[in-house]
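Grab your viewer and work through a few exercises on the model below. Each one starts with a task and then walks through a solution.

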Amino acid sequence: MSVGIVGGGVIGLACAWELLRRGERVTVHDPDPGRSAGLVAAGMLAPTAEANYGEEALQALMLESMRRWPAFAAELEAASGMRIGYRTEGSLLVALTDDDHAEVLRLVDYYRRAGTPIEPLTGRQLRELEPMLSPRVRGGAFAPGDHQVDPRLVLRALRSLPIRFESTSIDDLSAVRDDVIIVANGVGAARLTGLPVRPVKGQLLRLRGAESLVRHVIRGVALGRHVYLVPRADGELVVGATEEERGADTTVTAGGVLDLLRPAADLLPGVVELALAETLAGLRPGTPDNAPVLGPLPLPSGVDHAVVVPGKPGHSGSVVAPQLHDQRGERGRRVLVATGHYRNGVLLAPVTAQVIADLATTGATNVDVEAFATARFT
Ligand SMILES: Cc1cc2nc3c(=O)[nH]c(=O)nc-3n(C[C@H](O)[C@H](O)[C@H](O)COP(=O)(O)OP(=O)(O)OC[C@H]3O[C@@H](n4cnc5c(N)ncnc54)[C@H](O)[C@@H]3O)c2cc1C
């Protein structure tokens, strides 16, 4: 079997690696891997703090993927011979004022009822763990199950594996000649599949100092403004991220930088001394229910295999019977979709890779992905 993957971001590459490990022939098509949202991402692996009311199926998938991360990280480092910055110190939820604290305590209660480990902490306990936090910090919590990785190192390691790359832009799935096609091109999947995947802009800063101000990932709320701070071993501090509905715009704005630096400095005053090394913006692939789309494209009744007719810019494509579309008389090919990972694509990469490789090779998976089927949007 040959597999063609559209998109060489963290999802496409994780799928490619898993299929490679199962002995399949894989080609990844991507004209510009530098566009990947993963190069902007902070790399929090946060099944606790990313859980939201009403998104229980998504949280279960995040926990499934988190369970796979230690082995995924170790095996990727072994296969590539490269470090990927996987760190397990856990995350601190940090609140500045009484109102912020009340919000964090409501979340702590929710996380607890969801069965994830979470431990409330006073301001003093937080400062014992992280002495550079502001003396004004009121309280928060410790989430030991939320880890982090450096997504740029993950992408570098995945790209070093013996995967075949083609720098072609796939604007029509019939251009992919393989038996199985995996659509994993992030926000670009809307045009190829007609699925409602939209770009959600995120601005993020990289600060740099001689040494780390903190050891833990800090997820803070200060005067109602949310921010996270992700320390890297080399002294980098990632500060993120805005969430903006602005289409495909990736402009870094003064307002975006201010919205991040203000709460960051309120919680960790030492950030103002750091060098502002990089400002950037990326596009998260979001869906109407914030959950990914995983699995075969839905087909018209009576059709076994899909061929997708591409949409023109601004219009979605559609799935048709191969006999209607494939003028050259070739057999239809299977099309699987893996996109819409929104805020958690890095976290969800290991479980997505398993699900998609299972579906590509056997047509079934034992991971519960019913809630993420493409059919919910058709
Ligand atoms: C600011 C920010 C912070 C984030 N923080 C985190 C975090 O802490 N933890 C976490 O888990 N996730 C985080 N994310 C989310 C994460 O980055 C995304 O969910 C993830 O990158 C999605 O991966 P993907 O491979 O589906 O898409 P992408 O990473 O966007 O990759 C898609 C690839 O497809 C290619 N492509 C597009 N169109 C075509 C085409 N027609 N033909 C061929 N190739 C094509 C592109 O060039 C690109 O390389 C963050 C995102 C942002 C923006």
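**Exercise 1. Find out how many bridges join β4 to β6, and whether the two strands run parallel or antiparallel.**

Solution. Keep in mind that this is a predicted model.
- Step 1: pick out β4 at residues 91-95 and β6 at residues 139-143.
- Step 2: count the bridges between β4 and β6, and you get five, with the strands running antiparallel.
- Step 3: check the register at one position, where S91 sits opposite A143 of β6.

**Exercise 2. Put the strands of the open eight-stranded sheet in order and say which ones stand at the edges.**

Solution.
- Step 1: walk across the sheet and read off β5-β6-β4-β11-β12-β13-β10-β14, with mixed pairing.
- Step 2: look at β5 (119-122) and β14 (275-286), which each have a single partner strand, so one side of each lacks a neighbour in the sheet and these two are the edges.
- Step 3: for the twist, neighbouring strands here are turned by 25° against each other on average, ignoring direction.

**Exercise 3. Work out which strands helices α3 and α7 lie across.**

Solution.
- Step 1: take α3 (residues 98-113), which lies across β4, β5, β6 and β11 (217-222) and runs at about 140° to β4.
- Step 2: move on to α7 (residues 254-267), which crosses β4, β10 (198-208), β11, β12 (225-231), β13 (236-240) and β14. Against β12, the angle of α7 is about 75°.

**Exercise 4. Decide whether G139 is buried or exposed, and list its contacts away from its sequence neighbours.**

Solution.
- Step 1: locate G139 in strand β6.
- Step 2: count 22 other C-beta atoms within 10 Å of G139; the cut-off for buried is 20 or more, so G139 is buried.
- Step 3: skip residues up to four places away in sequence, and G139 touches A95, H101, L121, T122 and G123.
- Step 4: try a distance too, since the C-alpha atoms of G139 and A102 are 9.4 Å apart, with their positions 37 residues apart along the chain.

**Exercise 5. Do the same for L39: buried, exposed or partly exposed?**

Solution.
- Step 1: find L39 in the loop between β2 and β3 (44-45).
- Step 2: L39 has 16 C-beta neighbours inside 10 Å, so it counts as partly exposed.
- Step 3: leaving out residues up to four places away in sequence, L39 touches G34, R152 and L155.

**Exercise 6. Check the length of α1 and explain why it counts as largely enclosed.**

Solution.
- Step 1: α1 (residues 10-21) has twelve residues and spans 16 Å from first to last C-alpha, close to the expected 16 Å.
- Step 2: ten of those twelve residues are buried, so α1 is largely enclosed by the rest of the structure.
- Step 3: see what does the covering, which includes β1 (2-6), β2 (25-29), α5 (151-159), β9 (180-183), β18 (334-339) and α9.
- Step 4: just past α1, spot G23 with a positive phi of about 85°.

**Exercise 7. Say which residues touch the most other members of the largest nonpolar core, and why this core lies between two domains.**

Solution.
- Step 1: among its 115 residues, C15, I182, L229, V239 and I356 touch the most other members.
- Step 2: the most residues, eleven, come from helix α9 (residues 345-362).
- Step 3: domain 1 (2-40 + 152-197 + 289-377) and domain 2 (91-144 + 199-284) both contribute residues, so the core lies between them.
- Step 4: zoom in on C15, whose contacts beyond four places in sequence include I5, I182, A338 and I356.

Notes:
Residues numbered from 1 in each chain as written. Predicted model: local features only at pLDDT ≥ 70, side-chain atom pairs only at ≥ 80, totals over all residues. Pairing = 2+ DSSP bridges. Helix = DSSP H or I, 4+ residues; strand = E, 2+ residues; numbered from the N terminus. Axes fitted to C-alpha atoms, helices over the stretch in contact; angles between N-to-C directions. Contact = placed C-beta atoms within 7 Å. Core = buried A, V, L, I, M, F, W, Y, C linked by C-beta atoms within 7 Å. Domains from an automatic or database assignment. Expected span 1.5 Å × (residues − 1).
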